[in-house]
Amino acid sequence: MTAPVPLGNFDWEPASWRRRAAAHQPEWPVPADLDTVTDELRRMPPLVFAGEARSLRESLAAVSKGEGFLLHAGDCAESFAEFTADNIRDKLKVILQMSVVLTYSTGVPTVKVGRIAGQFAKPRSSPIEKRDGQELPSYFGDIVNDFAFDAIARRPDPQRMLRGYNQAAATLNLLRAFTKGGFADLNRVHQWNLEFIASRREGRRYEEVADGIERALNFMAACGIDLAHETQLHAVDFYTSHEALILAFEEALTRRDSLTGDWYDCSAHLLWIGDRTRQIDGAHVEFLSGVQNPIGVKLGPDATPDDAVALCRRLDPAREAGRLVLVSRMGADNVAERLPPLLRAVTRAGHPVVWACDPMHGNTYAHESGYKTRHFDAVMHEVEQFFLACRAADVWPGAVHVELTGDDVTECLGGGDDVRGEQLENKYETRCDPRLNARQSLDLAFRLAELVRR
Ligand code: PEP
Ligand code: CO
């Protein structure tokens, strides 16, 4: 008789990733400075709690069964400079608006996860950036170095991790206040409409949804239902996430849960592995295999069915619903060819994952003006192709993963405002990838709702 294949990774520990090749790690000029910072982070309180990560796993388990939809959205890269209460509030407003549109039109709950409160680190295609003959380290996100193109600014500085930790803590504090303290109350559904979209087509469509909700609430109250005591109407669960890129930072925030004895990465509720760091024997997969948070993995056009199944085995050996979110980011024209084999292979292997569509990262290109952009039509096309592929494979298209902001930026082309190439320079503020503005995001939500319903 052959011995059973062991489930899980028995020599895992928070530092076991150090025995593997870790792609996309900064070269810290003075390694001892990194140790000083991580020692300090190790003594800091956790940003999130294990029980919250477990609640998210439960909600995602429902999504994997087709009983919910995951909206995963936020900045490509948060920055230290744009850290204001208004920014956080407006991003939350758009995500709440999108989730209300989705829930109202589809009848299934929307699980809300932000790319927020810690989305600071970026993998880059080249470690070096050249401008006018000068070569400097690329910008790796505010938690590593500064955006400005000069030698001092671009030097990786581990002290930035402490600033990142503190900004994440303050952001979470505000998010908790907004989502639990009355702002996210369904009675305020009208007030989430952002001023600059209220008079536009998406804004008016949103008002109709908000009116419908108000009528439903009034109806229930008239029937004698005591709405004041229905807590679900007055608060929402909002979860945080980021790409777990800088492993020294993630390791320092990893704690053993006193209740279960399991390890959790307490820097966010959900962590994901990027398309560039999902090597099966690599450090990122090793690190996340041992923490019990829900985990995302991005799968680009190069991902093979064997890659997908190997990642599932490694990250979800016990085949647990709610553990894994596989994020397809193929590029609109690759979905029909590349995604179906992955869907089939993972289904055959028996992993109850959530399938998500990231329609952003495979559709980025350089506009002739020099700005990196994405066209709203390509984004929509990728989402539609994703739904078609999932439906044909009898898989629930359970999630979207998008980069957006609550502001009226001009970073992506097309959509409600029909942003044109020559307008990109008007309000192009992202530190990294182009984001949907509030109007484009709401437009996406309405179209998504139609797709989910169909
Ligand atoms: C991102 O989500 O910002 C990102 C870098 O994505 P990907 O790993 O899919 O390229
Ligand atoms: Co991005």
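## H242 and its polar partner

In this predicted model, the side chain of H242 makes a polar contact with the side chain of S267, at 3.3 Å. H242 lies in strand β5. Is H242 buried or exposed? Its relative accessibility is 1%, so H242 counts as buried.

S267 has company around this histidine. Setting aside sequence neighbours within four places, H242 is in contact with G118, Q119, E250, S267, A268, L270, L271 and W272. One of these, W272, also turns up among the residues around ligand 1, which brings us to the binding site.

## The surroundings of ligand 1

Which residues are found around ligand 1? They are C76, R115, K122, P123, W272, G274, D275, R276, K298, R329, H361 and E403. Sorted by class, this shell has 7 charged, 3 nonpolar and 2 polar residues.

Some of these side chains can be followed to the ligand's oxygen atoms. For K122, an N or O atom of the side chain is 2.7 Å from an oxygen atom of ligand 1. A polar side-chain atom of R329 likewise lies 2.7 Å from an oxygen atom of ligand 1. With E403, the distance between a side-chain N or O atom and an oxygen atom of the ligand is 3.2 Å. On its own, ligand 1 has 300 Å² of accessible area, and the protein covers 98% of that.

## Strand β1, covered on both faces

Strand β1 spans residues 69-74, and 6 of its 6 residues are buried. If you turn the strand over, you will find cover on either face: F69, L71 and A73 are buried on one side, while L70, H72 and G74 are buried on the other.

What does β1 pair with? Its partner is strand β2 (residues 110-115), joined to β1 by 6 bridges, and the two run parallel. To pick out one position, L70 of β1 has V111 of β2 as its bridge partner.

## Helix α9 and what covers it

Helix α9 takes in residues 305-315, and its buried residues are A308, V309, L311, C312, R314 and L315. The arginine in that list, R314, is worth a look in the viewer.

Where does the cover for these residues come from? It includes the strands β8 (270-273), β9 (295-299) and β10 (324-328), together with the helices α8 (283-289) and α10 (335-349).

## Two loop residues to compare

V236 is found in the loop between α6 (201-222) and β5 (238-243). Although it sits in a loop, V236 has a relative accessible area of 14%, so it is buried. Beyond its neighbours within four places in sequence, V236 is in contact with L96, K112, T179, K180 and A184. G182 gives another reference point: V236 and G182 are 54 residues apart in sequence, with their C-alpha atoms 9.6 Å apart in space.

N334 has its place in the loop between β10 and α10. Its relative accessibility is 29%, so N334 counts as partly exposed. Leaving out neighbours within four places, N334 is in contact with P301 and L339. As for D316, this residue is 18 places from N334 in sequence, and the C-alpha to C-alpha distance between the two is 26 Å.

Terms used: Residues numbered from 1 in each chain as written. Chains lettered and ligands numbered in written order. Predicted model: local features only at pLDDT ≥ 70, side-chain atom pairs only at ≥ 80, totals over all residues. Heavy atoms only, no water. Buried < 20%, exposed > 50% of the residue type's maximum accessible area, 1.4 Å probe, protein only. Helix = DSSP H or I, 4+ residues; strand = E, 2+ residues; numbered from the N terminus. Contact = heavy atoms within 4.5 Å. Near = heavy atom within 4 Å. Polar contact = N/O pair within 3.5 Å; in protein donor to acceptor, adjacent residues only side chain to side chain. Areas by Shrake-Rupley, 256 points an atom, 1.4 Å probe, with all protein chains shown as cover. Nonpolar A, V, L, I, M, F, W, Y, C, P; charged D, E, K, R; others polar. Pairing = 2+ DSSP bridges.
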